Amino acid sequence: MKILADQNMPLVEQYFADFGEVERFDGRKLTPEQLINVDVLLTRSVTNVNHELLAQANKLSFVGTATIGIDHIDTQLLHDRNIAFTSAPGCNAVAVAEYVISSLFALSQENARPLCGQTIGIVGMGNIGTCLSQKLKALNVDVLLCDPIKHEQGLLQEHVALDELLAQSDVVTFHVPLIKSGEHKTLHMMNKERLKALKPETTLINASRGDVIDNQALLEVMEAGADLDIVLDVWEKEPNILTELLEHVRYASVHIAGHTLEGKARGTQMLYQKLCDLKGVEVSKSLDDFLPIPAITNATVTQSLSEQDIARLVHLIYDVRRDDGILLRHLEGEGFDSLRKNYPVRREFSTLFLQGDSPQLAALSQLGFSIAK
Ligand SMILES: NC(=O)c1ccc[n+]([C@@H]2O[C@H](COP(=O)([O-])OP(=O)(O)OC[C@H]3O[C@@H](n4cnc5c(N)ncnc54)[C@H](O)[C@@H]3O)[C@@H](O)[C@H]2O)c1
Ligand SMILES: O=C(O)[C@H](O)[C@H](O)COP(=O)(O)O
C-alpha cells in the first residue's frame, strides 16, 4: 500500500508504516501526478482535494484530513468515486480552547480588566465552543452561547441570536465551520455592519476560518478608529493575508490555535484508527506510545489563587504572546507557511500536574490541568 502524507503531520511513520510505504508531500504543492498509484492520502487544511487533484488518482481508496474543518475537501466527489473519507473531529478542541483562554488572560492583564465580570460570547457550540464554555464556567466567567443549528436540534437550550450576543458581550469568539451559503452561512458573518455595531472595548477573537470575518471591512472599521481588541489566528486568503490589518491586531498568529503537540498527534491517531477500522486491523498504537515527557511536569499550589495566579499557571504552559509579533517579522516569501511548519512545540495544560492545598484544585482540573495523585 502506498501512503502519501502531508509533511506537517506528525507521527505518520510511527502509526502507518505497518500498512505500507509512507511518502511525504508539501501540502500546498501537491500535484495530480503525485497521486498515481497512491492508495491512501493524508492531508491537512492547506490541500484542496478536488476534481483537478484527483484526476490521475487511479488507486485511491482512502482520504483522511487530520483536521475538523473540511472546507478544503470535495466530500461529494469522494462519495461519488467510492473513496472512503474521514476527518478528525475534536482532535484539536482542547488546543483551540486553551489558545482562547491564554488570549483572554493576556488581555485581562494588559488591559487591567479582570476576566471575572466580563461576558464572553461564544459563536459555534461544537467541539471547541463546548470545551471553551466548560473552561470559562470553571473560572466563574459568564458566557453567552450562539448556535442556531444545535438549538434547532434541541441540543442547546441557552442559544442567543448572534446580534443579541454581539450587543451583550465584552468578548466575542468564533468557533464555526466555514459555510458559504444557506440559512446558516458563516462566510463574512462578521460584515461591516456588525463590526461597526460592536461596543467600544469589545474583544473579537477568530480562531475558526479567516473568511468568517470580512477582513477588508475589519481594516476599514479599525482605520476609522474603532476601539476593539482584535485577536486573529486565521485570515482571509492565507497565506497571502491582508498585511495592513496586522498593525490593528493585538495578537496575530499563523493558524496555529490547534497546533499543540497533542492536538496534531491526536489528528494522526484518528486517521490511523479509521484506516484500521476499514481494513479490519486491530488498533495497537496509542498517543502514550509516542508523546515525549514535557519540560515542566509539576507545580504545587498552596493557597487560594487570585485570577492573576491562575493566569500565571496558564501562561506557564502557553502564552499566546509567544506567537504574536513573529508574523510581522516574517512576512516575506513563504513566511506564513514556514512559521506554521516550524512551529515550536506547544503542550496542553493537562501536561502540568498540580498538587497542594489550594481550594481551587477542582476548578483547575476543569480548566484542564492534571491533579497529581
Ligand atoms: N485555528 C485553528 O487552528 C483551528 C483548529 C480547529 C478548528 N478550527 C475551525 O474551527 C471550526 C470549529 O471547530 P469545532 O471542532 O468546534 O467544529 P464543530 O463542527 O464541532 O462545531 C462547529 C459548530 O458550529 C455550529 N455552527 C454552524 N453554523 C453556525 C452559525 N451560522 N452560527 C453559529 N453556530 C454555527 C455548528 O452547529 C457546530 O455546533 C472548524 O470548522 C474549523 O474551521 C480552527
Ligand atoms: O480545521 C482544523 O482542524 C484546523 O484548522 C487545523 O488544525 C489547522 O490546519 P492545518 O494545520 O491542518 O493546516
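# Reading a three-domain model

Mentor: Let's begin with the layout: this protein is divided into domain 1 (2–87 + 260–289), domain 2 (93–252) and domain 3 (298–371). Keep in mind that the model is predicted.

Trainee: Thanks! How many helices and strands does the protein have?

Mentor: The secondary structure comes to 13 helices and 14 strands. To judge the overall fold, we can set its radius of gyration beside a rule for globules. The radius here is 21 Å, close to the 21 Å that the rule gives for 373 residues, so the protein is as compact as a globular protein of that length. Its C-alpha atoms fill a box of roughly 60 × 50 × 45 Å along the principal axes.

Trainee: What share of the 373 residues is buried?

Mentor: Buried residues make up 41% of them. Contacts tell us about the fold as well: among those with a separation of 6 or more, 61% are between residues 24 or more positions apart.

Trainee: Now the domains. How many residues of domain 2 are in contact with domain 3?

Mentor: On the domain 2 side there are 25 residues, in contact with 20 residues of domain 3. H3, H4 and E11 each supply at least two residues of that domain 2 side, and the largest share, 11 residues, comes from H3. By class, the domain 2 side divides into 16 nonpolar, six polar and three charged residues. The C-alpha centres of these two domains lie 20 Å apart.

Trainee: H3 sounds worth a look. Is H3 mostly covered or mostly open?

Mentor: Mostly covered: 16 of the 18 residues of H3 are buried. For its length, we compare the end-to-end reach with what a helix should give. H3 reaches 26 Å from its first C-alpha to its last, close to the 26 Å expected at 1.5 Å a residue. After H3 comes Ala112, with a positive phi near 50 degrees.

Trainee: And why does the span of H4 agree with what we expect?

Mentor: The same kind of check works there. The 12 residues of H4 should span 16 Å at 1.5 Å a residue, and the end C-alpha atoms are 17 Å apart, which agrees. Buried residues of H4 include Ile128, Cys131 and Leu132. Its buried residues pack against H3, strand E6 (119–123), strand E7 (142–146) and helix H13 (361–367). Just after H4, Asn140 takes a positive phi of about 65 degrees.

Trainee: Which residues are closest to ligand 1?

Mentor: For a ligand, we list the residues around it, then ask which elements and classes they come from. Ligand 1 is surrounded by 33 residues, the closest being Gly69, Gly124, Gly126, Pro177 and Gly258. Helix H3 (93–110), helix H4 (127–138) and helix H5 (148–152) are the elements that give two or more residues to this shell. Its classes are 17 nonpolar, 12 polar and four charged.

Trainee: Which residues surround ligand 2?

Mentor: They are Arg44, Ser45, Val46, Thr67, Ile68, Gly69, Asn92, His255 and Gly258. This shell has two nonpolar, six polar and one charged residues. Notice that Gly69 and Gly258 appear in both lists.

Trainee: One last residue: why does Glu247 count as exposed?

Mentor: We count C-beta neighbours inside 10 Å, and 12 or fewer means exposed. Glu247 has 11, so it counts as exposed. Its place is in the loop between strand E10 (228–232) and strand E11 (251–252). Glu247 and Val301 are 54 residues apart in sequence, and their C-alpha atoms are 38 Å apart in space.

Note on methods: Residues numbered from 1 in each chain as written. Chains lettered and ligands numbered in written order. Predicted model: local features only at pLDDT ≥ 70, side-chain atom pairs only at ≥ 80, totals over all residues. Near = placed C-beta within 6 Å. Helix = DSSP H or I, 4+ residues; strand = E, 2+ residues; numbered from the N terminus. Nonpolar A, V, L, I, M, F, W, Y, C, P; charged D, E, K, R; others polar. Expected span 1.5 Å × (residues − 1). Buried ≥ 20, exposed ≤ 12 C-beta atoms within 10 Å, placed from the backbone. Contact = placed C-beta atoms within 7 Å. Domains from an automatic or database assignment. Rg over C-alpha atoms; globule rule 2.2 N^0.38 Å.
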